[in-house]
Amino acid sequence: MTQEIEIKVDNGVQIIRILRADKKNALTGPMYDAMSAALDSAEKSEAVAAHVFIGSGGVFSAGNDINDFMRRSRDGSQDVAPSQMFIQRLPKVTRPMIAAVDGLAVGIGVTLLLHCDLVYATPAASFRTPFVDLGLIQEAGSSVLGPARLGYARAFELFALGEAWGAARAAEAGLVNAVVPADELETKALAAARRLAAKPRAALLAARRMLKGDPALISKAIADEVSVYKDLMRSPEAKEAFTAFLEKRPPDFAKARRGG
Ligand code: COA
């Protein structure tokens, strides 16, 4: 079991803490597996009424580990990746999910937030989804959740332009509920989770279920995204984007398209 995800249950709240600050909390297969197992076991437990995702070291998450991307792209792996298994679980989660975001949130560090019911962020939070820059498309059902939460224009800006949003922009766009000072972030998120945990459980879960709508629509969007994503993942442009990141140089997509 990885040490890079810490799971604690306290007062009806499951805290899922990402502890890989030296790699900006980039998520590897074992980390996804640990988070999936935590979400799964909570579904069968009366002890958990809400989940809180939180980063560490002044970072939420730099998204999927690009070394993992690179390996899968090179191997042409057809297995369902741990990241996909985690993503497929998200629409099936029945308990409220809360995120506490300090510093960078990139890729799945942002798309996870679209599944969360409450998101708190610090003034230093920054949100970026460079999927297209990596030769890929948005994931985790964001094709549907993004326009629904943010409106089409903002969703396109976030996902296609791929530029970073600061905390104020994210709050104005509806991605974030409130911006709070860094030293109050965890307290704020936990207090909200505990307030939810103290409420009548059946009513809370029913209210959330009705507000969320049909989870099958999100699962379908995830499946549709995966079929596009799989092909793009093996494209010369995606390989060039991953290689350029690992070699710490700008990508040359025109050269990659010419087969260079
Ligand atoms: N996958 C793997 N390693 C990552 C990573 C990722 N997604 N994000 C950061 N890291 C690693 C870096 O390679 C570096 O490792 P090293 O110390 O062994 O060289 C370490 O984390 C620190 O990152 P660094 O780039 O030096 O920090 P920074 O503050 O200059 O930049 C980011 C931080 C997040 C802006 C930058 O690392 C980045 O762009 N990461 C990729 C984000 C991304 O594209 N994620 C996938 C989205 S789909």
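The following exercises, with worked solutions, concern a predicted model.

**Exercise 1.** Determine how the ring pair Tyr152 and Phe156 is classed, stacked or edge-to-face.

*Solution.* A search of the whole structure finds 3 aromatic pairs. For Tyr152 and Phe156, the ring centres are 6.0 Å apart and the planes lie at 25°. Ring centres must lie within 6.5 Å to pair, and planes under 30 degrees apart count as stacked. The pair is therefore stacked. Both residues belong to helix H6 (residues 152–161), where they are 4 residues apart, about one turn of the helix.

**Exercise 2.** Decide whether Tyr152 and Phe156 are exposed or partly exposed.

*Solution.* Exposed means over 50% relative accessible area, and buried means under 20%, with partly exposed in between. Tyr152 has a relative accessible area of 60%, so Tyr152 is exposed. Phe156 has 49% relative accessibility, and Phe156 therefore counts as partly exposed.

**Exercise 3.** Describe the polar contacts and the surroundings of the ligand.

*Solution.* Begin with the side chains. An N or O atom in the side chain of Lys23 is 2.4 Å from a ligand oxygen atom. For the side chain of Lys24, the corresponding distance from an N or O atom to an oxygen atom of the ligand is 3.5 Å. Next comes the backbone: a polar backbone atom of Asn64 is 3.0 Å from a nitrogen atom of the ligand. The ligand on its own has 850 Å² of accessible area, of which the protein covers 68%. Helix H2 (66–75) and strand E5 (104–106) are the elements giving two or more residues to the shell. Finally, the 18 surrounding residues divide into 10 nonpolar, 2 polar and 6 charged.

Note on methods
Residues are numbered from 1 along each chain as its sequence is written. This is a predicted model: local features need pLDDT of at least 70, side-chain atom pairs count only at pLDDT 80 or more; totals for chains, interfaces and linings use all residues. Side-chain values use heavy atoms; hydrogens and water are left out. Rings of Phe, Tyr and Trp (its six-membered ring) pair if their centres lie within 6.5 Å; planes under 30 degrees apart count as stacked, over 60 as edge-to-face and the rest as tilted. Buried means under 20% relative accessible area, exposed over 50%, partly exposed in between (1.4 Å probe, protein chains only). A residue is near a molecule or strand if one of its heavy atoms lies within 4 Å of it. A polar contact is a pair of N or O atoms within 3.5 Å; within protein, one must be able to donate a hydrogen and the other to accept it, and residues adjacent in sequence count only if both atoms are side-chain atoms. Accessible areas come from the Shrake-Rupley method with a 1.4 Å probe; for residues, only the protein chains shown count as cover. Ala, Val, Leu, Ile, Met, Phe, Trp, Tyr, Cys and Pro count as nonpolar, Asp, Glu, Lys and Arg as charged, and the others, Gly among them, as polar.
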